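Here's a protein model for us to explore together through questions and answers. Keep the sequence and the 3D view open as you read.

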Amino acid sequence: AVDLASITPVSMFSGVNPKAMNVVNAVLKCVDDYYDTKNNDEIYIGEFELTWMDVSIAETALAFYMGSYQSSLDCTTFYPTDENHQHLFVDLAVLRKTEKNRRIMMDEIVEILSLFEAGSDDLLIEQSFAYLASNIKYDGKQADATVALKKGRGSCNTYPVLFKIMLCQLGIESDAGGDSQLAADVVAVNVSGGVSLGVAQLLRL
């Protein structure tokens, strides 16, 4: 069995550009500051130097972290100052609910990974892929990875999110966005198009 205690997880945010990462860090700080409170306000975080492309990258990075694209969109609101600057607001009620669901999902993933056979990165990648292919049935209406494991259903967005989270917990860095900035010696796995397509092929979709 895999000894997760001996594995150092890798960051979910490899390859995210610095401007988008500023937004990610601001949202994660909100989690730290407000998760244990009862504040349900939408709060103003500040102005960030961001293009709309940077906003999209930040929202995608948060979606992979949160396990839900919709939650990422629901908890953050951007108002442009000009084409290179955005004001960020965060909905704390949505953020706390999302974080609670994410923590439950992470506990489930750790339990799943602990049952894997120990071995090389290739073996761990194969087992992660096989688990998703065998246990998550394709459902185009179920795009939330935080409930996919319980319901056993997920959309094409669900597979890459869960796959990337699994690999990160196994200490395997992966490219989820296709615009990789990984080091040359990193095991690169395209978990965006490749995994969702591969799973669909295995399920004969």
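Q: How many residues lie between strand 2 and strand 3 in their hairpin?
A: Keep in mind that this is a predicted model. Strand 2 covers residues 76-82, and strand 3 covers residues 85-91. Strand 2 and strand 3 form a hairpin, and the number of residues between them is two.

Q: In what order do the three strands of the open sheet stand?
A: Look for the strands that have a single partner: strand 1 and strand 2 are at the edges, so one side of each is left without a neighbour in the sheet. Strand 3 pairs with strand 1, and strand 3 also pairs with strand 2. The pairing is antiparallel, and the order is 1-3-2. From one strand to the next, the twist averages 20 degrees.

Q: How many bridges join strand 1 to strand 3?
A: You can pick out some of the pairs yourself: Glu49 sits opposite His85, and Glu47 has His87 as its bridge partner. These two strands run antiparallel, and the bridges joining them number seven.

Q: Over how many bridges do strand 2 and strand 3 pair?
A: Here too you can find particular pairs, with Thr76 opposite Val90 and Tyr79 opposite His87. The sense is antiparallel, and the count of bridges is six.

Q: Which residues make up the covered face of strand 3?
A: Helix 1 packs on the sheet and touches strand 3 as well as strand 1 and strand 2. Helix 2 packs on the sheet too, and strand 3 is among the strands that helix 2 touches. The uncovered face of strand 3 has His85, His87, Phe89 and Asp91, while the covered face has Gln86, Leu88 and Val90.

Q: What angle does the direction of helix 2 make with that of strand 2?
A: Let's take the other packed helix as a warm-up: helix 1 (residues 18-34) makes about 155 degrees with the direction of strand 1. Helix 2 (residues 52-66) is described against strand 2 instead, and the angle is about 165 degrees.

Q: Is Trp52 buried, partly exposed or exposed?
A: First find Trp52 in helix 2. Trp52 touches Phe78, Pro80 and Gln86, leaving aside residues up to four places away in sequence. Its relative accessible area is 48%, and exposed would need over 50% while buried would need under 20%. That makes Trp52 partly exposed.

Q: How far apart in space are Trp52 and Pro80, C-alpha to C-alpha?
A: Along the sequence, Trp52 and Pro80 are 28 residues apart. Still, Pro80 is one of the residues that Trp52 touches. The C-alpha to C-alpha distance is 8.7 Å.

Q: Which element gives the largest share of the largest nonpolar core?
A: This core has 53 residues, and Phe13, Val23, Val90, Leu95, Met105, Ile109 and Leu162 touch the most other members. Elements giving two or more residues include strand 1, strand 3, helix 4 and helix 7. The largest share is nine residues, and the element behind it is helix 1.

Q: Which residues does Leu95 touch, not counting residues up to four places away in sequence?
A: Leu95 is one of the core residues that touch the most other members, and Val90 is on that list as well. Leu95's own contacts are Val27, Cys30, Val31, Met66, Cys75 and Val90.

Q: How many nonpolar residues does the contact of helix 5 with helix 7 have?
A: These helices pack at an angle of about 145 degrees with their axes 10 Å apart, in a right-handed crossing. Helix 5 brings Ile125, Ser128, Phe129, Tyr131 and Leu132, and helix 7 brings Tyr159, Leu162, Phe163, Met166 and Leu167. There are no charged residues and one polar residue in this contact, and the nonpolar ones number nine.

Q: What percentage of the protein chain's residues count as buried?
A: Let's zoom out to the protein chain, with its eight helices and five strands. Of its contacts between residues at least 6 apart in sequence, 67% join residues at least 24 apart. The chain has 205 residues, and the buried part is 45%.

Methods. Residues are numbered from 1 along each chain as its sequence is written. This is a predicted model: local features need pLDDT of at least 70, side-chain atom pairs count only at pLDDT 80 or more; totals for chains, interfaces and linings use all residues. Side-chain values use heavy atoms; hydrogens and water are left out. Two strands pair if DSSP finds at least two bridges between them. Helices (H or I, at least four residues) and strands (E, at least two) are DSSP runs, numbered from the N terminus. Axes are lines fitted to C-alpha atoms, for helices over the stretch in contact, and angles run from 0 to 180 degrees between N-to-C directions. Contact means heavy atoms within 4.5 Å. A crossing is left-handed if the near helix is turned anticlockwise from the far one by less than a right angle, and right-handed if clockwise. Ala, Val, Leu, Ile, Met, Phe, Trp, Tyr, Cys and Pro count as nonpolar, Asp, Glu, Lys and Arg as charged, and the others, Gly among them, as polar. Buried means under 20% relative accessible area, exposed over 50%, partly exposed in between (1.4 Å probe, protein chains only). A nonpolar core is a set of buried Ala, Val, Leu, Ile, Met, Phe, Trp, Tyr and Cys residues joined through side-chain atoms within 4.5 Å.
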